[in-house]
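The exercises below concern strands, aromatic rings and one loop residue. Work through each task with the structure open, then compare with the solution.

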Amino acid sequence: QVQLVDSGGGLVQAGGSLRLSCEASRRTLRSYDVGWFRQAPGKEREFVAAHMSVGTTYYADSVKGRFTIARDNAKNTVYLDMNSLKPEDTAVYYCNTVIGNTPSGFWGQGTQVTVSS
């Protein structure tokens with residue numbers, strides 16, 4: 001089982017940008033499908049984006065055109081570039097291995113993203 005560590009969250013004003021990182025330890029991410037999820041206060045955790053090992057990407061409708069998921073196999077890291085952030089993007093963001101858009105591994109501690117209006 002690959003172990004993932006997510007980081008890069010912070011406080012940003014609406015319209016701003018952040019880059020989240022999901023780094024693997026112990027094993028290479030190259031052969032894994034990886035996704036980002038988020039959980040806002042009082043809400044269920046939801047799918048945000050996924051990057052398949054073959055290069056295909058998927059996005060939730062709410063983030064299409066604003067977020068970009070990409071991977072750097074040399075750094076064993078998957079990134080989530082978030083632009084045009086909105087207050088409703090405020091949540092704890094988590095990365096995980098996925099099967100389709102369903103999480104398949106263990107959850108890490110997550111990284112908090114707060115977007116102020």
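Two strands pair if DSSP finds at least two bridges between them. Strands are DSSP runs of E of at least two residues, and helices are runs of H or I of at least four, numbered from the N terminus.

The model is predicted, so local features need pLDDT of at least 70 and side-chain atom pairs count only at pLDDT 80 or more, while totals for chains, interfaces and linings use all residues. Residues are numbered from 1 along each chain as its sequence is written, and side-chain values use heavy atoms, with hydrogens and water left out.

**Exercise 1. Partners of β4**

Task: State which residues stand opposite tryptophan 36 in β5 and in β9.

Solution. Step 1: β4 (34–39) and β5 (46–51) pair in the antiparallel sense over five bridges. In β5, the residue opposite tryptophan 36 is alanine 49.

Step 2: β4 is also joined to β9 by six bridges, again antiparallel. There, cysteine 95 stands opposite tryptophan 36.

Step 3: Check the cover of β4. Five of its six residues are buried, where buried means under 20% relative accessible area, exposed means over 50%, and partly exposed lies in between (1.4 Å probe, protein chains only).

Step 4: Look at the hairpin of β4 and β5. Six residues lie between the strands, and glycine 42 takes a positive phi near 75°.

**Exercise 2. The open sheet**

Task: Give the strand order of the open sheet of four strands and find its edges.

Solution. Step 1: The order is β1-β3-β8-β7, with antiparallel pairing.

Step 2: β1 (3–7) and β7 each have a single partner strand and stand at the edges, so one side of each has no neighbour in the sheet.

Step 3: On average, neighbouring strands of this sheet are turned by 20° against each other, direction ignored. The axes behind such angles are lines fitted to C-alpha atoms, for helices over the stretch in contact, and angles run from 0 to 180 degrees between N-to-C directions.

Step 4: Between β1 and β3 there are five bridges. Glutamine 3 stands opposite serine 25 in β3.

**Exercise 3. Aromatic rings**

Task: Classify the ring pair of phenylalanine 37 and phenylalanine 47, then that of tyrosine 94 and tryptophan 107.

Solution. Step 1: Rings of Phe, Tyr and Trp (its six-membered ring) pair if their centres lie within 6.5 Å; planes under 30 degrees apart count as stacked, over 60 as edge-to-face and the rest as tilted. The structure holds three aromatic pairs.

Step 2: The centres of phenylalanine 37 and phenylalanine 47 are 5.8 Å apart and the planes are at 75°, so this pair is edge-to-face. Phenylalanine 37 belongs to strand β4 and phenylalanine 47 to strand β5, so the pair ties together parts 10 residues apart in sequence. Phenylalanine 37 is buried at 4% relative accessibility, and phenylalanine 47 is buried at 17%.

Step 3: Tyrosine 94 and tryptophan 107 are also edge-to-face, at 5.7 Å centre to centre and 70° between the planes. Tyrosine 94 is in strand β9 and tryptophan 107 in the loop between β10 (102–103) and β11, so this pair ties together parts 13 residues apart in sequence. Tyrosine 94 is buried at 11%, whereas tryptophan 107 is partly exposed at 33%.

Step 4: Phe37, Phe47, Tyr94 and Trp107 form one aromatic cluster. Arginine 45 lies over the face of tryptophan 107, at 3.8 Å from the ring centre; a charge sits over a ring if NZ of Lys or CZ of Arg is within 6 Å of the ring centre and within 35 degrees of the ring normal.

**Exercise 4. Threonine 28 and asparagine 76**

Task: Locate threonine 28 and list polar contacts of its side chain.

Solution. Step 1: Threonine 28 lies in the loop between β3 and β4 and is partly exposed, at 42% relative accessible area.

Step 2: A polar contact is a pair of N or O atoms within 3.5 Å; within protein, one must be able to donate a hydrogen and the other to accept it, and residues adjacent in sequence count only if both atoms are side-chain atoms. The threonine 28 side chain reaches the backbone nitrogen of arginine 30 at 3.2 Å. A contact of 3.5 Å joins it to the side chain of asparagine 76.

Step 3: Asparagine 76 is found in the loop between β7 and β8. Asparagine 76 is buried at 15% relative accessibility, and its phi is positive, near 55°.
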